[in-house]
Amino acid sequence: SVCISLLTIGGDLPLILPSKLGGYWIDPPLERLVDVSPTSSHYGLDPESFDIMERDGEAKIYHEFFRSRYHHSFTAVDPSLGPLVLSVCLEEEENRLRVILRFRSLTILVNYEKFFLMFPFHRKSPSTQKSIVTVSKFEVVSYLKAPELITAFDEHRVSPNFKFGILYQKDRQFTEEDILSNNDESEEFKEFLSILGETIQLQGFTGFRGGLDVCHGQTGSEAVFTSFHEREIMFHVATKLPFTEGDPQQLQRKRHIGNDIVALVYQEGQTPFLSDVIKSHFLHCFLVVRRVQRAEETGETVSVTAREDVPPFGPVLPDPPIFTERSLLREFLLTKLINAEISCYKAQQFSRLELRTRSSLLESLQTELSTRSQCMMGEPSLSVLPSSEGVRGASEGSGGFIENFKRAIRVRSHSFETLGVPRKSGSSASQKPKVKIHNGDKSPGPVLSDSLGPAELKDQASPQEETYKEDRYL
């Protein structure tokens, strides 16, 4: 009723209206007196600010600085912290020690300069005055394929592929059922789709498919696809997905768009889009676009809405948020869509899923490395140093496991042959890591893929699709 009242007033209406229940921010804000919008919009438009965010900027450090150099890796199970995987690389020419310590909840990266003279890694918890890591000994990793498994774990959130929904909202369409029931595409809408990407035939398509069927036509015959700065993007266009007669919810369409994290809405007319009109557990952000006429110039105006726990993301909207150049609009929208998804992963719901997935993958990695190493060494267990070394436990405030690593690095008690990692760069360092961890020769273990963004192959699902295989948008 509010929307109908607004339409009878006339004039330019906002692209987005907030939910009656709240829980969303809108940019540009409806309150024009607000000094700073959620994404810090400013006057003017600077294409140089169109920077694509990295979901995990430190994920490739092991691959870049460890795999091509001689290094040690170790595993342990801490009584309080759970499985740990440590990698240590000595760069003798620079007298530097690189350390990566992987916990369930995070990864710690440390560079030590002149570490033989000063090795300040022993840290204590301020509240308990005990070492954060309480385990006193680690097992050395001697499995030949360990670098591949470790790389796969570190980069399990990194993916060059994205999928986004596209909704077509006509004038006086207020509900989810109205928007999802559109079948015909106006010339204006087709022109907008051509800005985003190329309309491709799904049958036999070999690029990133974003969960669409490329063999049997069960998800329609066409889709919109594009490559953008070494990334592949598949769009789930509602009007191109199968339409089911007699189904007001159009579950065939919502099955895909409802499982996306970010969607783009193209409006024809003056009907605002309601932030929560599409019911979905996963959709956290919408970009809304509408064509406007200013004097003798035609352009597209853009607005953004996201759930309140989604952090701000760029690029910033110009003021006014109107684009008259197609190339600039494309660059802005694709960058904004990618950054929106990366920011949505920081929302509470996805953060919990991500932590659960990381914990499971780290436990599998630690078990795999430990078991394989013991088999290669012919020992039931393999410690970094014998217990006769008398390493003090963490309860004594010794930081024992770091002392073990200092000795291990200095004396290099385990030869290069036991690790199977060359001192110098070789062709093996450039090989792509395998995506799966195997628990045995015949029984594959869990796939190294994050529920929110696995390192996937072209024909695999999108970042979030690996876990969201059930349609939970209702």
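Helix H3 (residues 146-154) and helix H8 (residues 348-377) pack with their axes 11 Å apart at an angle of about 175°. With over 145 degrees counting as roughly antiparallel, the two helices are therefore roughly antiparallel to each other. The axes here are lines fitted to C-alpha atoms over the stretch in contact, and angles run from 0 to 180 degrees between N-to-C directions. Helices are DSSP runs (H or I, at least four residues) numbered from the N terminus.

This is a predicted model, in which local features need pLDDT of at least 70 and side-chain atom pairs count only at pLDDT 80 or more, while totals for chains, interfaces and linings use all residues. Residues are numbered from 1 along each chain as its sequence is written, and side-chain values use heavy atoms, with hydrogens and water left out.

Now for the second pair. Helix H5 (residues 187-196) and helix H7 (residues 326-344) have axes that come within 9 Å and cross at roughly 70°. They are therefore roughly perpendicular to each other, a label for angles of 65 to 115 degrees.

The table lists the residues in contact (heavy atoms within 4.5 Å).

| Pair | First helix | Second helix |
|---|---|---|
| H3 and H8, about 175° | Ala146, Leu149, Ile150, Phe153 | Arg358, Leu361, Leu362, Leu365, Glu368, Leu369 |
| H5 and H7, roughly 70° | Glu191, Phe192, Ser194, Ile195, Leu196 | Arg326, Leu329, Arg330, Leu333, Leu334 |

H7 itself has 19 residues. Of these, 14 are buried (under 20% relative accessible area, 1.4 Å probe, protein chains only), so H7 is largely enclosed by the rest of the structure.

Note on methods:
Angles under 35 degrees count as roughly parallel, over 145 as roughly antiparallel, 65 to 115 as roughly perpendicular and the rest as oblique. The expected span of a helix is 1.5 Å times one less than its number of residues. Buried means under 20% relative accessible area, exposed over 50%, partly exposed in between (1.4 Å probe, protein chains only).
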